Amino acid sequence: MKRLMGAPVFRPAPSARGGRNHGTARLVLLLFAVLLLGTTAAAQDTVLRCGAIFDGDAMGGGGDIVVREGRIVTGPPDSGDVVDLSGYTCLPGLIDLHAHLTINPDTLTALDMTRSSAARALDALANARKMLDAGFTTLRTPGEFDGYYATVDLKNAINRGQHVGPRLLVAPHAISATGGHGDFNNLMADLHIETPTRIADGPEGLRLEIRREFKYGADWIKLMMTGGVMSAGDDPNVSTYTLEEVTAAVEEVHRHKKKITVHAHGAPGIVTALRAGVDSVEHATLVDEEGIRLFKERGVPMVPTLYVMNYILEEGEAIGFPQESIEKARALIEERDRRIGAAFAAGAPVAFGSDTIFPHETAAREFAVMVGIGLSPTDALRSAMTVAAKTLGLEDEIGRIADGYAADVIAVEGDPLENIRVMEDVRFVMRDGRVVKTP
């Protein structure tokens, strides 16, 4: 029975009207209506019928994934629709720990200072949807070039259900030392502006800036630990913060029960950050043996962001990226492959991050570069599932296809363990039990 119209109506016998039997009949009618409405409102299960399932750790055969009220459940479905994915491999939704949603390639050529925070928020909304359609159901945004807090507002809007998008965890701004990666070093000395990043020096300066970030909704903190590629006048091999400064930042962040990551290319900055107790390291381009040992010993993941350097060399000149940035990438890339390859071979923890200063829908190209440098396809997938989920502290919530986990499920055509590039063409996306893309 699917509606009340046409349902039998209970009427008391004439002799009982106005008496106890009349009250009993009314109660029976009320209970009947409640039960009927409850049956009508009950949510139906969704069954994903998969040709193969990678559960976040390993590949298995075909089977059904039962989704109930946004969660994966074991056992047979109560009722509901079947989504036929028998020609596809199902996997947990992807997690990207280094997505810059407010950045588009064509804006980097003008120091990214031509758009308001509101304009960046609109770009971030569009880019978040592109990444969701590409299979990324959870993103961490580690520092944006935004004067205010666009990514915090976007996160809140998605959480309220105003917009469909990935689950977001945000570090609103990159915090940089004076003259470091994140400062605007190629502006004239007598031009005084407020940068869209945050500049902080010394332990107390860092503590103040971190508290301000948390005041306005940060989930993570990001420090610019070394120079970078897409910045002027700094050296990726030089650590711009001292051990004392980073230790103070880590203590402040952890006291608030939050997490901190660092941008670090050179070995001295990587080692200093790991000794201070950070929760992840972005890039780790020139990691040395000491850094690899600390990554393994402390269980802290590196987030290599490999494809972005390839993109700078392949597309940077045509887009109009600064020539200094292209030359930095050219000088680093071979050594990067050797150092990161050694870290992969040694078994250092690896979490997925793309560093999207390129078109966001192509973020999954990171997988092929990781595998090309030596990471196994299985570990490459884990980096965007179980390892990334653990990095976020959400290992009991996302990153697996298992009982009780959020129903974040994607599907690709083919076997990613045989050809990792199939991850670049996600055909089906479900986020928290809601289908947002179908083949």
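Select helix α6, residues 267-276, as your first stop in this predicted model. Eight of its 10 residues are buried, so α6 is largely enclosed by the rest of the structure. To see them, show the side chains of Ala267, Gly269, Ile270, Val271, Thr272, Ala273, Leu274 and Ala276, the buried residues of α6. Now bring in what covers them: the cover includes helices α5 (243-255) and α7 (289-298), along with strands β11 (259-264) and β12 (280-283). Before leaving, click on glycine 277, which follows α6 and has a positive phi, near 100 degrees.

Next, select two helices together: α8 (residues 307-319) and α9 (residues 323-346). Packed helices are described by the angle between their axes and the distance between those axes. Here the axes come within 9 Å and cross at roughly 145 degrees, and the crossing of α8 and α9 is left-handed. On the α8 side, pick out Met309, Asn310, Ile312, Leu313, Gly316 and Glu317. They meet Ser325, Ile326, Ala329, Arg330, Leu332, Ile333 and Arg336 in α9. Colour this contact by residue class and you will find seven nonpolar, three polar and three charged residues.

Stay with α9 and centre the view on isoleucine 333. Is isoleucine 333 buried or exposed? Its relative accessibility is 16%, and because the cut-off for buried is under 20%, isoleucine 333 counts as buried. Show its surroundings: beyond residues up to four places away in sequence, isoleucine 333 touches Met309, Asn310 and Leu313. If you draw a distance from its C-alpha atom to that of asparagine 310, the viewer should give 7.9 Å, for two residues 23 apart along the chain.

Now go to the cysteines. How many disulfides are there? The count comes to one. Select cysteine 50 and cysteine 90, which are joined with an S to S distance of 2.1 Å. Look along the S-S bond: its torsion is about -90 degrees, so the disulfide is left-handed. Cysteine 50 belongs to strand β1 (residues 45-54) and cysteine 90 to strand β5 (residues 80-92), so the pair ties together parts 40 residues apart in sequence. Both ends of the link are covered: cysteine 50 counts as buried at 5% relative accessibility, and cysteine 90 counts as buried at 0%.

From there, move to alanine 134, in the loop between α2 (117-133) and β7 (136-144). Although placed in a loop, alanine 134 counts as buried, at 13% relative accessibility. Which residues does alanine 134 contact, leaving aside neighbours within four places in sequence? Select Leu94, Glu361 and Val426 to see them. Then add lysine 437: its C-alpha atom and that of alanine 134 are separated by 9.2 Å, with their positions 303 residues apart along the chain.

Finally, zoom out to the whole protein. The cartoon shows 12 helices and 16 strands. Buried residues make up 52% of the 439 residues. Among contacts between residues at least 6 apart in sequence, 69% join residues at least 24 apart. Switch on the surface for a last look: the accessible area comes to about 18900 Å², and carbon and sulfur atoms account for 52% of that.

Technical notes: Residues numbered from 1 in each chain as written. Predicted model: local features only at pLDDT ≥ 70, side-chain atom pairs only at ≥ 80, totals over all residues. Heavy atoms only, no water. Helix = DSSP H or I, 4+ residues; strand = E, 2+ residues; numbered from the N terminus. Buried < 20%, exposed > 50% of the residue type's maximum accessible area, 1.4 Å probe, protein only. Contact = heavy atoms within 4.5 Å. Axes fitted to C-alpha atoms, helices over the stretch in contact; angles between N-to-C directions. Left-handed = near helix turned anticlockwise from the far one by under 90°. Nonpolar A, V, L, I, M, F, W, Y, C, P; charged D, E, K, R; others polar. Disulfide = S-S within 2.5 Å. Areas by Shrake-Rupley, 256 points an atom, 1.4 Å probe, with all protein chains shown as cover.
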